[in-house]
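Trainee: Before we use this model, I would like to go through the labels attached to it and ask what stands behind each of them. Could we begin with the ligand?

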Amino acid sequence: MESDLTHARAARMVDRLGPLPAAVAEVMRRVPRERFVPDGFRDVAYEDTPIPLPFGDATISAPHMVALQLEWAELAPGHRVLEIGAGFGYLAALIAELVGPTGAVCAIEIEPALTREAARRLAASASGRAVRLRNSDGRAGWPDAGPFDRIIVSCAVGDVPWVWFHSLTADGLLVAPLGDALGQRLARWKNSRVGGSWEYGVSCRFVPLRTVLPSDI
Ligand code: SAH
């Protein structure tokens with residue numbers, strides 16, 4: 001069980017982020033970010049700032065960016081969701097809360113040490129335990145677990161792999177930072193009967209989707 005202080009700090013973080021969709025605000029109050037950051041960063045877990053992950057150059061996104069990813073994904077109970085780039089698992093835990101027991105969350109992380117950390121941290125929370133986590137290259141997607149109502153990408157992509165589009169349901173949404181290390185926009189692809197379309201939002205800065213596997217280095 002979380003302490004009252006933890007709840008108060010998470011609630012203050014959400015209040016400072018400004019108006020959010022009610023369901024997003026509610027899960028960000030409920031899931032303690034401090035459980036999904038490296039131990040040395042627990043005291044800044046409720047600041048609106050990115051926090052470095054201990055392997056590679058990726059970060060745990062700032063809470064306002066996480067809120068935006070969730071808002072753009074328009075998650076609802078029952079959705080099947082794929083996340084690419086799970087890090088320590090914070091976003092996956094929030095997604096699991098939003099889709100509830102009738103939904104499903106599959107999350108892929110390429111870095112083995114991060115996958116192990118995410119597994120350990122997700123296992124400690126009731127909804128997190130439902131997340132299926134896999135250590136693999138997200139570029140290949142997770143076709144046999146699809147189709148997905150939503151795909152949320154937590155690293156920057158220049159070209160969206162075709163398999164991601166193919167794993168989306170007919171009215172599915174894909175939310176991804178489009179661009180490279182120099183500049184990105186948060187974007188979303190909306191499937192429709194006549195094809196689909198992109199919508200572009202704020203500029204952002206995610207670590208690029210890795211195309212070199214740990215075993216290649
Ligand atoms: N969503 C995370 C933050 C992720 S940072 C959180 O809530 O904490 C981006 C992550 O994408 C990093 O952990 C990085 O290792 C991972 N990543 C980069 N390239 C990848 C790839 N090709 N496949 C899967 N994960 C990848």
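Mentor: Let us start with Leu-91, one of whose polar backbone atoms is 3.1 Å from an oxygen atom of the ligand; please keep in mind throughout that the model is predicted.

Trainee: What makes the pair formed by the ligand and Leu-91 a polar contact?

Mentor: The cut-off for a pair of N or O atoms is 3.5 Å, and the distance at Leu-91 is 3.1 Å, so the pair counts as a polar contact. A polar backbone atom of Ile-110 is 3.3 Å from a nitrogen atom of the ligand, and for Gly-138 a backbone N or O atom lies 2.8 Å from a ligand nitrogen. Of the accessible area of 580 Å² that the ligand has on its own, the protein covers 97%.

Trainee: Where does the ligand sit, and which elements give two or more residues to the shell around it?

Mentor: The ligand sits in the largest pocket, and the elements that contribute two or more residues to its shell are strand 2 (59-60) and helix 4 (90-99). There are 22 residues around the ligand, and those that come nearest are Glu-83, Glu-109, Asp-137, Gly-138 and Arg-210. By class, the shell divides into 12 nonpolar, six polar and four charged residues.

Trainee: How do you know that the radius of gyration of the chain agrees with a compact globule?

Mentor: For 217 residues a compact globule would have a radius of gyration near 17 Å, and because the chain has 16 Å, the two agree. The chain holds six helices and nine strands.

Trainee: Why is the peptide bond from Gly-146 to Pro-147 called cis?

Mentor: Its omega is near 0°, and the bond is cis; Pro-147 lies in the loop between strand 5 (132-135) and strand 6 (148-153).

Trainee: What makes the phi of Glu-74 worth a remark?

Mentor: Most residues other than glycine have a negative phi, whereas the phi of Glu-74 is positive, near 45°. Glu-74 is found in the loop between helix 3 (63-73) and strand 3 (80-84).

Key: Residues are numbered from 1 along each chain as its sequence is written. This is a predicted model: local features need pLDDT of at least 70, side-chain atom pairs count only at pLDDT 80 or more; totals for chains, interfaces and linings use all residues. Side-chain values use heavy atoms; hydrogens and water are left out. A residue is near a molecule or strand if one of its heavy atoms lies within 4 Å of it. A polar contact is a pair of N or O atoms within 3.5 Å; within protein, one must be able to donate a hydrogen and the other to accept it, and residues adjacent in sequence count only if both atoms are side-chain atoms. Accessible areas come from the Shrake-Rupley method with a 1.4 Å probe; for residues, only the protein chains shown count as cover. On a 1 Å grid over the protein atoms alone, a cavity is a set of points where a 1.4 Å probe fits but cannot get out, and a pocket is an open set with protein on both sides within 12 Å along at least five of seven lines; lining residues have an atom within 4 Å of a point. A molecule sits in a cavity or pocket if more than half of its atoms lie within 2 Å of its grid points. Helices (H or I, at least four residues) and strands (E, at least two) are DSSP runs, numbered from the N terminus. Ala, Val, Leu, Ile, Met, Phe, Trp, Tyr, Cys and Pro count as nonpolar, Asp, Glu, Lys and Arg as charged, and the others, Gly among them, as polar. The radius of gyration is taken over C-alpha atoms; the globule rule is 2.2 Å times the number of residues to the power 0.38.
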